[in-house]
Amino acid sequence: MSSINIKRAVENIRSGTTVYTPVIELIVNAIQAIRAIKPAGGLIRVTILRGKQIDMIDRLASVDGFIVEDDGIGFDQAHRDSFDTLYSALKASDGGKGFGRFTCLKYFDHLSVESVFNDNGELRSRRFEMGTGNDIIISEAVDETDEGSTGSKVTIDGVKAVKFPDKGIDIIARVLVERLLPYFIDRNSECPRIVVVDGKDGTTVILNDYLSLDNRQIVELTVAEPQIVISSQEEEQAFDVRVFKFYSPRASKSKIALVAHRREVTDVTIQTYIPEFADEFYDKPEDRSTSRDRNYVVKAYVFGDYLDRNVSLERGAFNFQRDSDLIYGISQSQIEARVAEAARDAVGEEISARRERKAARIEEYIATEAPWHRALSREADFSSLPMKPSPEEIELHLQTAKFQREVQTRAQVRQILESENTDAMRDQVAEVVASISDTSKNDLIHYVSMRKCVLDLFGRALEIDDSGKHRSEGEVHDIIMPRRKNTETLDYEQHNLWILDERLNFTEYVTSDLPIDGGRTDRSDVTIFNRRIAFRGDNQPSNPITIFEFKKPQRHDFANPSSDDDPVQQIIRYVNQIREGRFKTPKGRDILVSDNTTFYGYVVCDLPKKVSDWLLYEKNFTVMPDALGYFQWFPNIRLYMEVLSWTKVLADAEMRNKVFFHKLGI
């Protein structure tokens, strides 16, 4: 008599089992029971037991259990004793672990057995239940019987807190046939006929029919290399691969299933390794007028001694590691990756077509959105990208590839610098310099493309909107230089002062719409286009200081005799204040000027006739050759001033960058 803590044994079941596991275990046991006395044929009947309450939506009651009946050898004394022995070795040659029945009590409250067996030439019946205390077999009874053949009927019912996930018989049958497919396709042993019956309405599904030529719900594909070999620590391990189409599938994902002793143990989506398997596939019918496309997914089954030897006790996982394994030598992901390649080759043209569509999608993004990545894209590996990558996913992938290339280049530079072999260094230097050059080209293309976008936005900001009004002052100002910012809070790449003058890209100090001395001067006025931008290179007396004044497009009231917003006088006054030493840098240093320090002043505004006349006749400015600006030299304070139209600023910026845009084709 057995004496174990069954409750603890059940509670300790951890790895990879599901509520379907007990059903699979009972069916496999039934197959083995039949093959113990019949080399071919045999019948297994799986009855779905349902609860009493019917769901109002799908009009089906939930699954509460199963009855699995077979015409096999029955529970004779040897099989009865095996059932009563933890880790029994009776079926070890067929991969039996002697533990499968315990998974039944993990998901169902009760397991009972009714069986007819041959006892020294006479048929007898045996009934018992599986205990939940210390005895595996309880309530056992052995009697005479009038039955004419051997067989067993095993019932599991009272599904526990984890509800059975499916209700419809078609879905349940589909899951069972997928999990049991290794038995149906076994070339060395015929699978018995397996019938699934709905205990409520008698609906019947025959699992064997899924593979029949008439039904063609499951079709095997040709695999170019049906056996793959992977090297472990000491020897090579061989794995057999068989790939199938599943039409009208229960799930929409193609999978790889690792099998041990003809039982599916684990599965993973093939798209984990090859993204082009993300969607279902479709067969085109020969007669398009009367037939529709048939959808299918692909499932690859993997067999091998390595899997048989290393399956876990509960058959829900393997003893080797998922990603890398130093003890067993071969990991699960290594096997799956190789099998994914075999599945890809078996599917063939459709995968190639999907990859071409992905490549076209990537090429279009680079051509239209990110031409600076063109050189990098020729070397980048896009195989890991999703089948339909978004622009964000493509960009992230390219940025990652760029970073990895830069890391590699830096490592090569360090290696060269540390090397003492001058002859080998020459070739390495040439290679590394070429790599650096390509990276720099990508960055330059990116930068020039961004300039084109900025100029497009700048041009749009100078236009009137749908209501016939010009854009707000802030829009134009912020495109050139964000308001209320200076170089202490702004990176040089965050402004676009190059629109006005390329020399303004690099500067020691820039302030926009902020008083330099913290608010003690007219810089505290927050009228955006009346506030100037000051620029200087290194803080040396010999370096010039540049001052900008912006006026809103189409504004001209500053030319009125009574205006306090005269931009010419504002710049002159500001120059004088700087010469008087009234301002300091943000770090408290004096702004160094001398009698020879030159100032450049720029007023940017529109030039209607009123403003042009004001500049010519009242301010004594000289018109530029293109008539889009005016200039004047103020010798006493060494100030050169230009008044430029917004049109000229945009046109000049576009002209300076036109050759770069042309080279990029943008």
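Which residues on the other side of H8 are exposed? In this predicted model, helix H8 spans residues 349-368, and the answer emerges from the distribution of its side chains around the axis.

The helix comprises 20 residues and extends 28 Å from its first C-alpha to its last, close to the 28 Å expected at 1.5 Å a residue. Buried positions in H8 are Ile351, Arg354, Lys358, Ile362, Tyr365 and Ile366. These residues lie on the same side of H8, because the arc that they cover around the axis is only 115 degrees. In an α-helix there are 3.6 residues a turn, so residues three or four places apart point the same way. The exposed residues, Glu349, Glu356, Glu363, Glu364 and Thr368, are found on the other side of H8.

A second region concerns strand S23, formed by residues 639-645. This strand is mostly covered, with 6 of its 7 residues buried. Strand S23 pairs with strand S20 (residues 599-605) in the parallel sense, through 7 bridges. In this pairing, Ser645 of S23 stands opposite Cys605.

Strand S23 is also joined to strand S22 (residues 629-634), here by 6 bridges and in an antiparallel arrangement. Leu644 in S23 has Gly629 opposite. Strands S22 and S23 form a hairpin with 4 residues between the strands. Within this hairpin, Arg638 adopts a positive phi near 50 degrees. Strand S23 thus has a parallel pairing with S20 and an antiparallel one with S22.

Technical notes. Residues are numbered from 1 along each chain as its sequence is written. This is a predicted model: local features need pLDDT of at least 70, side-chain atom pairs count only at pLDDT 80 or more; totals for chains, interfaces and linings use all residues. Side-chain values use heavy atoms; hydrogens and water are left out. Buried means under 20% relative accessible area, exposed over 50%, partly exposed in between (1.4 Å probe, protein chains only). Helices (H or I, at least four residues) and strands (E, at least two) are DSSP runs, numbered from the N terminus. Two strands pair if DSSP finds at least two bridges between them. The expected span of a helix is 1.5 Å times one less than its number of residues. The arc is that of the directions from the helix axis to the C-beta atoms.
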